[in-house]
Amino acid sequence: MLFRSPIDIEIGDPSEPVDTEVEIDMERQPAFDANLAEFMDESDLSSLASDLIEDFDNDKQSRKDWERTYTEGLDLLGLKIEERSEPWNGACGVFHPILSEAVIRFQAEMIAETFPAQGPVRAKIIGEETPAIKQSAARVVEDMNHHLTDKMSEFRPEHEKMLWGLALSGAGFKKVYYDPTLDRPTSMYVPAEDLIIPYGASDLLSSPRVTHVMRKTKNEIKKLQYTGFYRDIDLGEPTKMVDDVQRRKDEAEGYAQLDDDRYQLLEIAVDLDLPGFEDIDDETGEETGIALPYVVTIDRGTEEVLSIRRNWDEDDELKEKKQHFIQYTYIPGFGAYGYGLIHLLGGSAKSATSITRQLVDAGTLSNLPGGLKSRGLRIKGDDTPIMPGEWRDVDVPSSNIKDNILPLPYKEPSATLFQLLTNIVDEGRKLAAVSDVKFGDIQGDAPVGTTLAILERELKVMSAVQARVHASMAQEFRLIAKIIKDYTAPAYDYQPDYRSEEHTS
């Protein structure tokens, strides 16, 4: 894109000829919101892409243990029926529902808590409350709820997906941005496995680099190239790239990745001292060497840079990076991702599943016992385990029938093992704060204050999780409100009724 400044030519006497030969240095100067990749050398772009992809690979490798724990925990949900052949074909393959129960209950409780029918936004007036300020606050609340419940049709479904992922992995992310094709703000759920935070970062806000792994079809890429959002370059056919987490999720949902025709893009928010766009001191005119915030998008297969854009407001003298992601945390922990129910209940769910299968298999063997019957001294067949109801031939000298039949000593399911299962499940539910309050333990004549204190103590863990979700939602609403302010017309689409008692009281 070329930008030309007006040229001032001073003319003295109009009757005298004017020398119009002027030297013009037409240097290409991109607009503030332009794609800076269009103005950089290919060698610089190639070097930048190589360095950023190497950083991305290192960041992903540093959280390998987190991914392994997460993928193993997905199996414990029991979303896929497991056909077992050990110790015999058709052995019990049930999963104990302690983990899935905790996730479902959390999602159901939190969506009712955070998204009531009238809308999730509330206003808090700081300072003096005047009728004009109260009316203005009511107008903002009504308009925001109108956007979230009516115009942004994806908000609630994406929010519910986020709550599911939040409970499992311990972290969920929402990406808030202005969508020019829809002409409105958009808030999309980003799974924790698709948002890479480098080792050592304590949270999303302070992280020096954040990578969003996106997947787009060829047609979506062409649309973005046509509008000028991405560079118009040939990316060839998409390269199939599937990580362990995505593969395990597909297996749990019953999908088979035979042919994924999508490109994998890396959208990296990072601080860079970009060649040709260095930070300049206003007083000295010299380069400061300070890295500035940018958003770089790279095709993972071809390692081609598709776009580079400034990630600060044009009128911001401090050049602080803009936030496009909101992090939700279940239980804060040592790292940036926190802890979810997979971490808290993974061991209990695995043990409960193992014990449940043992109890069911023991009951099957007890109800359909197998054993040995004589036919000579030698056992015909191999040494595979005896299935329920199976009787095998054993070569022994002939005698009484009862002397030639030997039922194997199967026992009833162990009461001790069942009690152990009950204890493991109860302790797991207490740890995850999903156990029901036992009102039978509260004395009928107990004072109201005592009863409320007991209820508050039982619900304290879940109340803390809800408080964290509400705090993150407040940040998300601020981003949405800013986008509405920056991109929409001054007039509101929705006109609230101030005559209602709620707004005039």
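Trainee: What makes the arrangement of S3, S4, S5, S6 and S7 an open sheet, and which strands stand at its edges?

Mentor: In this predicted model, five strands follow one another in the order S3-S4-S5-S6-S7, with antiparallel pairing. Strand S3 (195-196) and strand S7 (304-310) each have a single partner strand, so one side of each is left without a neighbour in the sheet.

Trainee: How do you know that S5 and S6 pair?

Mentor: Two strands pair if DSSP finds at least two bridges between them. Eight bridges join S5 to S6, so the pair meets that cut-off. The two strands run antiparallel, and Asp271 stands opposite Pro293 in S6.

Trainee: Which helix lies across S4 and S5?

Mentor: That is helix H6 (residues 218-226), which lies across strand S4 (209-217) and S5. H6 runs at about 110 degrees to S4.

Trainee: Let's turn to the other sheet. What is the order of its three strands, and which are the edge strands?

Mentor: The order is S2-S1-S8, again an open sheet with antiparallel pairing. Strand S2 (184-190) and strand S8 (325-329) are the edge strands, as each pairs on one side only. Direction ignored, neighbouring strands here are turned by 20 degrees against each other on average.

Trainee: How do you know that S1 and S2 pair?

Mentor: The cut-off is at least two bridges. Strand S1 (residues 171-179) and S2 pair over seven bridges, in the antiparallel sense, so the cut-off is met. One example is Tyr178, whose bridge partner in S2 is Pro185.

Trainee: Which helices lie across S1, S2 and S8?

Mentor: H5 does, running at about 155 degrees to S1. Helix H11 (residues 460-487) also lies across these strands, at about 165 degrees to S8.

Trainee: Why are H5 and H8 called oblique to each other?

Mentor: The axes of helix H5 (residues 155-169) and helix H8 (residues 341-367) cross at roughly 55 degrees, coming within 5 Å. Angles under 35 degrees count as roughly parallel and 65 to 115 as roughly perpendicular. The angle of roughly 55 degrees falls in neither range, and H5 and H8 are therefore oblique. H5 brings Ala167, Leu168 and Ser169 to the contact, while H8 brings Leu341, Ile342 and His343. By class, this contact has four nonpolar, two polar and no charged residues.

Trainee: And what makes H3 roughly antiparallel to H8?

Mentor: Here the axes of helix H3 (residues 98-114) and H8 cross at roughly 150 degrees and come within 9 Å. An angle over 145 degrees counts as roughly antiparallel, so H3 is given that description relative to H8. The contact joins Ile98, Leu99, Ala102 and Val103 of H3 to Leu341, Ile342, Leu345 and Ala349 of H8. Its residues divide into eight nonpolar, no polar and no charged.

Trainee: Now for the interior. How many cavities are there, and what volume does the largest have?

Mentor: There are three cavities of 30 Å³ or more. The largest has a volume of about 130 Å³. Among its 15 lining residues, the closest to the centre are Val210, Ala269, Lys321, Lys322 and Gln323.

Trainee: Which element gives the most to the lining of the largest cavity?

Mentor: S5 does, with three residues. Strand S5 (262-272) and strand S6 (292-299) are the elements that give two or more residues to this lining. By class, the lining has eight nonpolar, four polar and three charged residues.

Terms used: Residues are numbered from 1 along each chain as its sequence is written. This is a predicted model: local features need pLDDT of at least 70, side-chain atom pairs count only at pLDDT 80 or more; totals for chains, interfaces and linings use all residues. Side-chain values use heavy atoms; hydrogens and water are left out. Axes are lines fitted to C-alpha atoms, for helices over the stretch in contact, and angles run from 0 to 180 degrees between N-to-C directions. Helices (H or I, at least four residues) and strands (E, at least two) are DSSP runs, numbered from the N terminus. Contact means heavy atoms within 4.5 Å. Ala, Val, Leu, Ile, Met, Phe, Trp, Tyr, Cys and Pro count as nonpolar, Asp, Glu, Lys and Arg as charged, and the others, Gly among them, as polar. On a 1 Å grid over the protein atoms alone, a cavity is a set of points where a 1.4 Å probe fits but cannot get out, and a pocket is an open set with protein on both sides within 12 Å along at least five of seven lines; lining residues have an atom within 4 Å of a point. Grid points are joined across faces, edges and corners, and a volume is the space filled by probe spheres set on the points.
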